[in-house]
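Hi,

Here is the structure I promised to pass on to you. Have a look at it first, and then read on for what turned up in it.

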Amino acid sequence: MDVDTGVDDALAIMLALSTPALEVVGISSVSGNVSSVQAAQNTSFIIQHLWPQKRIPILAGASESLAGEAYHAAPEIHGPDGIGGVYESGRHSNFNSAAGSDQAVSAILEAVAAHPGELTLAACGPLTNIASAILTDPHTMGQLREIMMMAGALHRPGNITPFAEFNVFCDPTAAQTVLASGLPIRMFPLDVTERVPLMRSEIKRHAARCPRIADLIMRIIRFYVRFHRKNYGFDGVFMHDALPIAYLIHPGLFVFKDMHLGVDTSPGDTRGQTKPSTIAPAGPLVKAALEVDEQGLHTLFWQQLANP
Ligand code: BDR
Ligand code: CA
């Protein structure tokens, strides 16, 4: 997994680690919702809090975009630390942030090379680390089974500008590099992720099935809920990054369309817009999710979280 943890990244991590059929071989972080170091710290905190026995390598990756731009923090959306103030208020320090961008890219490449043809990479943040890995060693990245990316907005407005979705907006060049790579890609745009809210009432209703996880979710969504109430008018949060993980567990929840996509990398108003590409595809078309079984996804989410 590659994450900028973030509330919905945290939901994705919880869903993946609650699912015995999935093995998470490593997690790299990228700057997006928060700095890549904070994202790694948040990831480490969540795993240690819920699964103290698990040993999953976590590496802090890119701190700026491929073009060298500083990251766009979203403290007003996910809270100052990205997870509703839970990390900061506990003053956790369980992550050694010595690693930098190069180590994260090397770790991704080593993991792929160690499991040729077997790994799926779930990209839940800006695509900087993934693009760097592709630019560094396209042959090794060609041994991935698939790249799944929560990215883009196809038939609806963006969520950071009228045209752009946040992950693509943060590093349009990286997103374009990944889309043009010719690797097999499955994209989960806002068209599906904004169809799946996780309501506070629902978390309370299921709390008895998984009290520790539900309690942590309630605490980390504090700021994120305010943002959704104000901007979307519901008392909950979108589950964005959890959708690719749900796909891995139950592919039938989604309907995909083969598309040839690129990204507007210009500095103007449409920066970060995902749109039909005019460049000939270097490989298979992107499989873009356009439909989701919302009810099925909720059922799956709580079933998995209730796993012992
Ligand atoms: C994406 O942007 C981030 O804020 C979320 O974590 C998600 O990955 C949604 O546009
Ligand atoms: Ca994210």
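**What turned up**

Let me start with M149: setting aside its neighbours within four places in sequence, M149 is in contact with A123, L127, V178, I185, M187 and F188. Please keep in mind as you read that this is a predicted model.

Two of those contacts go with strand pairing. A123 stands opposite M149 in strand 5, and M149 in turn stands opposite M187 in strand 6. Strand 4 (residues 120–123) is joined to strand 5 by four bridges, and the two run parallel. Strand 5 and strand 6 (residues 185–188) also pair in the parallel sense, over four bridges. Is strand 5 enclosed or open? Four of the five residues of strand 5 (residues 146–150) are buried, so this strand is largely enclosed by the rest of the structure.

M149 also turns up in the largest nonpolar core. That core has 101 residues, and the members that touch the most others are A123, I147, M149, V178 and L243. Which element gives the core its largest share? Helix 1 (residues 7–17) does, with nine residues.

**Following the strands onward**

From strand 6 you can carry on to strand 12 (residues 286–292): two bridges join them, and they run parallel. R186 has K287 as its bridge partner in strand 12.

Strand 12 pairs with strand 9 as well, this time in the antiparallel sense, over six bridges. A good residue to click on here is K257, which lies in strand 9 (residues 254–259). K257 stands opposite A288 in strand 12. Leaving out neighbours within four places in sequence, the contacts of K257 are A288 and L290. The C-alpha atoms of K257 and K287 are separated by 5.5 Å, although the two residues are 30 apart along the chain. Why does K257 count as partly exposed? There are 13 other C-beta atoms within 10 Å of K257, and a residue is buried at 20 or more and exposed at 12 or fewer, so K257 falls in between.

**Around the ligand**

Next, please turn to ligand 1. There are 14 residues around ligand 1, and G6, D8, F166, H240 and D241 come nearest. Helix 1 and helix 8 (166–170) are the elements that give two or more residues to this shell. By character, the shell around ligand 1 divides into four nonpolar, six polar and four charged residues.

G6 deserves a second look. Its place is in the loop between strand 1 (2–3) and helix 1, and the peptide bond from T5 to G6 is cis, with omega near 5 degrees.

**Helix 14**

Helix 14 (residues 242–249) is where you will find I249. The helix is mostly covered, with six of its eight residues buried. Those buried residues are A242, L243, P244, I245, A246 and Y247. One of them, L243, is also among the core residues that touch the most other members.

I249 is partly exposed: 18 other C-beta atoms lie within 10 Å of I249. Which residues does I249 contact, leaving aside its neighbours within four places in sequence? They are T19, A21, L300 and Q304. You can also look from I249 across to F301: the two are 52 residues apart along the chain, and their C-alpha atoms are separated by 9.8 Å.

**The chain as a whole**

Now zoom out. The chain has 15 helices and twelve strands. Its radius of gyration is 18 Å, close to the 19 Å that the globule rule gives for 308 residues, so the chain is as compact as a globular protein of that length. Taken along the principal axes, the C-alpha atoms fill a box of roughly 50 × 40 × 35 Å. Of the 308 residues, 51% count as buried.

How many of the contacts between residues at least 6 apart in sequence join residues at least 24 apart? The share is 82%.

If you are wondering where to begin, I would open the view at M149, with A123 and M187 opposite in the neighbouring strands, and then move over to ligand 1 with G6 and D8 among the residues that come nearest.

Happy exploring, and do write back with any questions!

Best wishes

Technical notes. Residues numbered from 1 in each chain as written. Chains lettered and ligands numbered in written order. Predicted model: local features only at pLDDT ≥ 70, side-chain atom pairs only at ≥ 80, totals over all residues. Core = buried A, V, L, I, M, F, W, Y, C linked by C-beta atoms within 7 Å. Contact = placed C-beta atoms within 7 Å. Near = placed C-beta within 6 Å. Nonpolar A, V, L, I, M, F, W, Y, C, P; charged D, E, K, R; others polar. Rg over C-alpha atoms; globule rule 2.2 N^0.38 Å. Pairing = 2+ DSSP bridges.
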